[in-house]
Amino acid sequence: MGVKVWVGRASSSERVDGPLSPAECLRLKNMRGNMVRAATKKKPATKKAIAPVSAPAYTLKQFYLDDHPRTLFPLDTNKILIENGSKKISEFINEMISENRHFLPQRTVHANKDRYHLRRTAKLDPVAEYYLYDIVFRNRSRFRKPHSEKKKHFGYRFEGGKPQHSSSSYRKFKETVWVEGIFEENRKYLSFDIASYFNNLYHHDLNAWFSALGLNDPQDSINFGKYLREINAGRSLD
């Protein structure tokens, strides 16, 4: 009795009539095995796209810790207290302002300028020092480049929400002076040593300048004026 077998192929079908020879049986067996392996073959796993990890937001605490070693008198006591208790200090500052309590006066200290010279400056306690960084950080959008191309200033300011390093700012200043030819003949300019400016700030002028920046919270101007009077212990300068 004849046996009819239909063999499926990808492109066509082949009809076989009559009994199968051993070679044909082996060929059909191999074809069936190939079809099973093709059906059960796992597809290569697709790699999932990894979402980019955004950098953590720049914080007041990080601002203080980054700037601490660049200050004239980087006291480790202040750094340790703020590094480990910044939240408690911020809460205490808010209580002081709301309850009209007073900041402690600054202390006169002498910082190493080089191997044989000292620079007289002032040092604040951790609470007063952290408040100063806090009020600057909350109004950091005001410390920016001037909009006018006719006026340029260099120094401490924020770019992209982070403070610009003073050394890079000074490098840009020197490059600009060179490009603009400030020191060429027949050019008029004025220069002075900023060290003579450090301890001769009239704090009312400083508060007036700060208020004119257009602060995010007008109450900051009042609090800052009170802060300057108290850390100066009634003195107008220093």
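**Figure 1. The largest nonpolar core of this predicted model.** Welcome to the inside of the protein, where 27 residues make up the largest nonpolar core, and F63, F103, Y130, Y227 and I231 touch the most other members. Four helices give two or more residues each to this core: α2 (60–67), α3 (76–98), α4 (126–138) and α8 (219–231). Helix α4 provides the largest share, with eight residues. In soluble globular proteins, nonpolar side chains tend to be buried together.

**Figure 2. The surroundings of F103, one of the core residues that touch the most other members.** Which residues is F103 in contact with, leaving aside its neighbours within four places in sequence? They are M96, V127, A128, Y131, Y227, E230 and I231. Of these contact partners, V127, A128 and Y131 are also among the buried residues of α4. Y227 and I231, also in contact with F103, are themselves among the members that touch the most others in the core.

**Figure 3. Helix α4 and its packing partners.** Is α4 largely enclosed or left open by the rest of the structure? It is largely enclosed, because 11 of its 13 residues are buried. The buried residues are P126, V127, A128, E129, Y130, Y131, Y133, D134, I135, V136 and F137. They pack against helices α2, α3, α7 (203–211) and α8, and against strands β4 (118–123) and β5 (158–159). From its first C-alpha to its last, α4 reaches 18 Å, close to the 18 Å expected at 1.5 Å a residue.

**Figure 4. The N-terminal end of α4, with its cap.** D125 caps this end of the helix. A side-chain oxygen of D125 lies 3.0 Å from the backbone nitrogen of V127. V127 is buried, and V127 is also one of the residues in contact with F103.

**Figure 5. K123, a buried lysine in strand β4.** Lysine may catch your eye here: K123 has a relative accessible area of 9%, which is under the 20% cut-off, so K123 counts as buried. What does the side chain of K123 meet at 2.8 Å? A polar contact of that length joins the side chains of K123 and E129, and E129 is itself buried in α4. Beyond its neighbours within four places in sequence, K123 is in contact with F73, P74, L75, N78, Q106, R107, V109 and E129.

**Figure 6. The β3–β4 hairpin.** Strand β3 (residues 107–112) and strand β4 pair in the antiparallel sense over six bridges. Five residues make the hairpin connection between the two strands. How do the residues of β3 line up with β4? V109 has T121 as its bridge partner, while H110 stands opposite R120. In a regular strand the side chains alternate between the two faces of the sheet. V109 is also in contact with K123.

**Figure 7. N100, with a positive phi.** N100 is found in the loop between α3 and β3. Its phi is about 55°, although N100 is not a glycine. Most residues other than glycine have a negative phi. Is N100 buried or exposed? N100 is exposed, because its relative accessible area of 53% is over the 50% cut-off.

**Figure 8. S167 in helix α5 (residues 166–180).** S167 is partly exposed, with a relative accessible area of 38%. A polar contact of 2.7 Å joins the side chains of S167 and H165. Look across to G155 as well: S167 and G155 are 12 residues apart along the chain, and their C-alpha atoms are separated by 8.9 Å.

**Figure 9. The whole chain, with its confidence.** Stepping back from the close-ups, the protein has eight helices and six strands, which run β-β-α-α-α-β-β-α-β-β-α-α-α-α from the N terminus on. Of its 238 residues, 26% count as buried. Among contacts between residues at least 6 apart in sequence, 52% join residues at least 24 apart. The average pLDDT is 80, and 75% of the residues score at least 70. Where does pLDDT stay under 50? It does so over residues 1–14, for which the model has 24 contacts beyond four places in sequence. Where pLDDT is low, the predicted coordinates should not be read in detail.

Note on methods: Residues numbered from 1 in each chain as written. Heavy atoms only, no water. Core = buried A, V, L, I, M, F, W, Y, C linked by side-chain atoms within 4.5 Å. Buried < 20%, exposed > 50% of the residue type's maximum accessible area, 1.4 Å probe, protein only. Contact = heavy atoms within 4.5 Å. Expected span 1.5 Å × (residues − 1). Polar contact = N/O pair within 3.5 Å; in protein donor to acceptor, adjacent residues only side chain to side chain. Pairing = 2+ DSSP bridges. pLDDT = per-residue confidence, 0-100.
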